[in-house]
Amino acid sequence: MIFYSLLSALKRTGRRNIKLKLMQKGWLVSAMLSFMLQFQTSIAFATQPHAALEDKDDAWIKAHGFALHGDLKYAAGFTHFDYVRPDAPKGGFLRLLGFGTFDSLNPYTLKGTSPFNTPGQFMYGFSELNETLLAGTGSYLPAGDEPQSAYGLLAESLRYPVDLSRVIFTLRPNIRFHDGHILDAKDVSFSYKTLLEHGHPRFQQQLLGIESVTALSDREVEVKFKPPFRGSNILRIGEMPVLPEHYWRDKDFASSSQTPPLLSGPYKLGNYAIGKFIELERVDNFWAKDLNIYRGRFNFDRVRIDYYRDQTVAFESFKARELDIYYDYTAKNWATGYDIPAIEHGDMIKEEIAHKIPSGTQGFFFNTRKDLFADLRVRQALSLLFDFEWTNKTLFNGAYRRNLSIYPNSEFSATGLPSQQEISLLEPYREHLPDELFTQAFTLPVSDGNGNIRPQTRHALGLLKAAGWEIEGGKLTHRQSGKRFTFEILIRQAGIQRVVLPYIKNLEKVGIVAEARLVDTTQYKHRMDHYDFDMTTYVLSQGMSPSYEQRDYFHSSQVKVVGGQNYAGVSHPAVDGLLEKVIDAPDRPSLVSAMRALDRVLLWHHYLVPNWHLNYHRLAYWNRFGRPEKQAPFTLGTENWWALPKPSEVSP
């Protein structure tokens, strides 16, 4: 009976968790469990390569993908994702808008800006990125309908012991780069070493938990992890781009910013002009054209991305049919800019597409490395002086919602008072946290939208006075140093000035002199990489699977890392501790609690002035495309569209 119960439990929970769940059942259960696991392991190893026999006493799990929490939605052998049309026709031409400019073709180094790293480009699904071992949680092919799950892409399968100390990937046969060269396990190990030594600093965070990557054979690669062993490490190595060793062997990876990339995916790089446009051409003999991951996707023969520095010019080009899709970031233009015959006649479609994508962390970021913004009271005072309601009413036609979270439009947003789970996580750091964090819900003042923010101004002046600042001769001056309160707001988009300038006017009311500094993309990137700014506007990308990227955004170890993304200079023991809880979360509820606790700490320390968000895509496009019946909730999904035949091509 005990043996039958153990078998049932094993089927329900999986071998990965059964030891933990049955640990307290006694020596007899332990003995039975040991026998069962060894029996199952012997059967599994009988059909697996000898390389997996290093730890014969461990049970190994073999799978077609990996879900960090819960189960994979799609079973082994699935034919396609639910949010695609598997028999979508191939062909046609798609023209997309790129914003800003690019001076590099390498998306993986600190030097330069590549097409994928230009603002908003990631959402379209077309890029110069290399394929990865798994697809679902990274930048390459993010999952459209489930969080924290990834499926085999370059990897045919993966297997790992129950202690998660390592993973062995088996590559699919006959994977080829576009030059015909076979992609093998040595390319995986080469990619790990190259990205760690010469890649962008973010890879040092992404691959932090990796001990080694070793090619066991042409098609097998073993990845060993550093303790503590975490399931998230499997996803992080699965997200790593696989580069061609033979191509980069005689090139300087870190400096070869304009070397055309050699890829293995559905598109190869075609024509391009640095800073102006890039074209992607569909590969006819693509090795994975019938793979379930790709079925019904990437249907256009050619994709061209044209780059514009000015949104107004880009919109006019769209109306002139020089672009096929226009993702509208401007609320006023969305409300008033489409009163044109093309909309009336149905030639152009204007659509608000609902989604469940967590919004980015958008705001005016304080650089707390600067003495001017080191005091929490100063940051809070400046937050009070941003009148969102007036901005939304006057500039945005009331389209947006105010961000009251670092993680808006997601289950990670902290609302109301902290839960008991959150309090247990926060309690060890109570002495470093504001008392209000435990007793009050975080809020921001709400004005009536008429431009009158006198109560907020009085509150701000009180905070500034407590921090040592007083108005003298109309200028805010520090009592001890005599220094005037002046700073610069760094921006790279001319359109954001209409938001920044009214904010500057409100700052003037308390004697603060602020100046908006508009710079080009190259200068902006250099200054951001070296934290050469006082305040800046920025959006930190967020997703369904928070993990190591949160360390890059907020961990104290990243404050001085050139090219890092801890732009606010966050250095706080509670943040560091909660980030470890996020990465170590054993299940989804634990992750949500840790993220909400982290959200509270960041909010109450006012590292940024929160901006706004939408929970739908504002998309206009010319009516010449087909789309799947089911919209993916977590991606825009334009890579799943297809070109409709022209009227002359339709049979009568």
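# Why do we call it that?

Modeller: In this protein, the mean positions of the 75 positive and 72 negative charges are 2 Å apart. Lys and Arg count as positive, Asp and Glu as negative, and His and the chain ends are not counted. Each charge is placed at NZ of Lys, CZ of Arg, CG of Asp or CD of Glu. Keep in mind that this is a predicted model: local features need pLDDT of at least 70, side-chain atom pairs count only at pLDDT 80 or more, and totals for chains, interfaces and linings use all residues. Residues are numbered from 1 along each chain as its sequence is written, and side-chain values use heavy atoms, with hydrogens and water left out.

Biologist: How many helices and strands does the protein have?

Modeller: There are 20 helices and 26 strands (DSSP runs numbered from the N terminus: H or I of at least four residues for helices, E of at least two for strands).

Biologist: And what makes the protein as compact as a globular protein of that length?

Modeller: Its radius of gyration is 26 Å, close to the 26 Å that the globule rule gives for 652 residues, so the label fits. The radius is taken over C-alpha atoms, and the rule is 2.2 Å times the number of residues to the power 0.38.

Biologist: How do you know that L164 is buried?

Modeller: Buried means under 20% relative accessible area, exposed over 50%, and partly exposed in between, using a 1.4 Å probe and protein chains only. L164 has 11%, so L164 is buried. Across the 652 residues, 57% count as buried.

Biologist: Then why is N174 called exposed?

Modeller: N174 has a relative accessible area of 55%, which is over 50%, so N174 counts as exposed.

Biologist: What makes the phi of L164 notable?

Modeller: Most residues other than glycine have a negative phi, and most peptide bonds are trans. Phi of L164 is near 60°, a positive value, and N174 has one near 65°. L164 is in the loop between β6 (155–161) and β7 (166–171), while N174 is in the loop between β7 and α4.

Biologist: Why is the peptide bond from P227 to P228 called cis?

Modeller: Its omega is near 0°. P228 lies in the loop between β9 (220–225) and α6 (232–238).

Biologist: What is the largest nonpolar core?

Modeller: A nonpolar core is a set of buried Ala, Val, Leu, Ile, Met, Phe, Trp, Tyr and Cys residues joined through side-chain atoms within 4.5 Å. The largest has 87 residues, and F126, F169 and I237 have the most contacts inside it. Helix α4 (residues 185–198) gives this core its largest share, five residues.
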